[in-house]
Amino acid sequence: MGTKSTRGTNSETRILLYYRFTPVADPTAVMLWQRTLCESLGLRGRIIISHHGINGTVGGSLTAVKQYIRRTREYPGFHDMEFKWSAGSAEDFPKLSVKVRDEIVSFGAADELRVDENGVVGGGTHLSPAEVDELVEKKRAAGDDVVFFDGRNAMEAQIGRFRGAVVPDVETTHDFLRELESGKYDDLKDRPVVTYCTGGIRCEVLSALMRNRGFNEVYQIDGGIVRYGEQFGDSGLWEGSLYVFDKRMHMEFSEDAVSLGTCMHCGTATNTYHNCANGDCRAMVLLCESCAGSPATAHCGRDGCAALVS
Ligand SMILES: [Zn+2]
Ligand SMILES: [Zn+2]
C-alpha cells in the first residue's frame with residue numbers, strides 16, 4: 001500500500017505511548033472516564049490507572065488519537081503529559097482494556113512509592129541522552145566509571161544493553177526489590193549509577209527504590225533506551241538490539257547494530273526469542289533456527305521442560 005493513497009485521508013492511524021506519575025485521588029473515576037472516552041473514539045489498547053498515575057498504549061485513527069490527547073490533558077494531573085507517537089493502529093491490540101491497579105508498573109512497592117504534582121518523589125536525576133554521555137566523560141576524567149544498571153527483565157538484555165552494564169537477575173519487575181536488598185550490589189552504593197529501561201517508566205520507580213536503599217548517586221535516562229538510540233544510533237554507549245513488546249520482538253537503531261544474542265543451546269548468533277516448547281512454561285529463550293526446530297532443544301533448559309519435550 002502506497003503512502004499516496006493514505007496521506008491526508010481518514011485512513012491514517014497511529015499508536016500512542018504515554019505515562020505520567022501524579023497523584024490520582026479517585027482511580028476508579030478516572031478509569032471509567034478513560035474507558036468511555038476510548039470507546040467513544042474507537043480506540044483499542046491497554047491503560048492502567050493507580051493512585052500514582054497513568055500508563056497507557058492506545059491505537060486508532062489519527063483524528064481519534066488527537067482527540068484522545070486533547071481530552072486526556074483536560075485532567076489537571078495529566079495536563080503536561082508527553083505522548084510518544086508510533087506507527088500502528090487499533091488492530092494491533094486484541095481489545096480495549098482499562099484497569100485500576102495498585103501500581104502502574106508492578107514492582108510490589110505500592111506503599112513505598114510517593115508521587116506529587118512533579119512526579120515520583122526521590123527518584124534518580126533525569127538525564128537527556130547527551131547528558132548521559134557527558135556524565136560518563138566527566139566521571140572518567142575524574143577516574144571513576146559510571147555504572148549502567150539494567151532496569152528490564154534480564155532476558156531482554158541478552159540481545160542489547162549499555163556497554164559494561166550490570167544486569168540484575170530479574171525475571172519479572174517484582175524481583176527487583178529482592179535483588180536490591182540481596183547485598184549483591186552494595187559496592188555500587190557510592191558509585192554513579194545510571195538506570196535504564198525501554199522507555200523510561202520503570203526507572204522512575206526503580207531509581208527511587210534504589211535511593212531509598214542507600215544508593216547515593218542514581219540517574220535515569222529521559223525517554224529510556226528508545227530516546228538514547230534515536231539520538232545516537234549505534235555510535236554511542238548502547239550496544240545491540242532493543243527488545244520490544246510487539247510482534248517484531250526486537251529492533252535495531254541502525255544497520256551497524258552489533259549482534260550480542262546467542263542460542264542458549266549451541267551458541268550460534270541469534271536475536272530471535274522463542275517460547276519454551278513446554279506450553280506450561282512462560283519462558284522466552286534465544287534459540288537459533290536449527291535448535292528451535294528440533295524437539296530436543298526447543299525448550300528453555302530447565303529440567304522439567306527439557307524432560308517434557310525430549
Ligand atoms: Zn542453536
Ligand atoms: Zn521452559
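This section describes two zinc sites, one helix and one cavity in a predicted model. Local features require pLDDT of at least 70 and side-chain atom pairs pLDDT 80 or more, whereas totals for chains, interfaces and linings use all residues; side-chain values use heavy atoms, with hydrogens and water left out. Residues are numbered from 1 along each chain as its sequence is written, and chains are lettered from A and ligands numbered from 1 in the order in which they are written.

The zinc ion (ligand 1) has as protein donors the SG atoms of Cys263, Cys266, Cys288 and Cys291, which lie 2.3 Å from the ion. Donors are N, O and S atoms within 2.8 Å of the metal (3.2 Å for Na, K and Ca); water is not among the atoms, so sites may look incomplete. The site of ligand 1 is tetrahedral, with angles of 102 to 115° among its four donor atoms; the term requires four donors with all angles between 85 and 135 degrees. The ideal angle for four tetrahedral donors is 109.5 degrees. The spacing of the donor residues of ligand 1 in sequence is C-x2-C-x21-C-x2-C. Distant parts of the chain are linked by the pair Cys263, in the loop between β15 (250–251) and β16, and Cys288, in the loop between β17 and α9 (289–292), 25 residues apart. Helices (H or I, at least four residues) and strands (E, at least two) are DSSP runs, numbered from the N terminus. Cys263 and Cys288 are both buried, that is, under 20% relative accessible area with a 1.4 Å probe and protein chains only.

At the zinc ion (ligand 2), the SG atoms of Cys276, Cys281, Cys300 and Cys305 are the protein donors, at 2.3 to 2.4 Å. This site is also tetrahedral, its four donor atoms forming angles of 104 to 115°. Its donor residues follow the spacing C-x4-C-x18-C-x4-C. Cys276, in the loop between β16 (273–275) and β17 (284–286), and Cys305, in helix α10 (residues 303–309), are 29 residues apart and link distant parts of the chain. Cys276 is buried at a relative accessible area of 6%, and Cys305 is buried at 5%.

In helix α8 (residues 224–232), the buried residues are Gly224, Ile225, Val226, Tyr228 and Gly229. Gly233 follows α8 and has a positive phi, near 55°.

One cavity of 30 Å³ or more was found in the whole structure, and the largest cavity holds about 40 Å³ of space. Its lining comprises Phe21, His52, Glu103, Ile104, Val105, Ala109, Ala110, Leu113 and Val205.

Conventions
Four donors count as tetrahedral if all angles lie between 85 and 135 degrees; four count as square planar and six as octahedral if opposite donors are over 155 degrees apart and all others between 65 and 115; anything else is irregular. Buried means under 20% relative accessible area, exposed over 50%, partly exposed in between (1.4 Å probe, protein chains only). On a 1 Å grid over the protein atoms alone, a cavity is a set of points where a 1.4 Å probe fits but cannot get out, and a pocket is an open set with protein on both sides within 12 Å along at least five of seven lines; lining residues have an atom within 4 Å of a point. Grid points are joined across faces, edges and corners, and a volume is the space filled by probe spheres set on the points.
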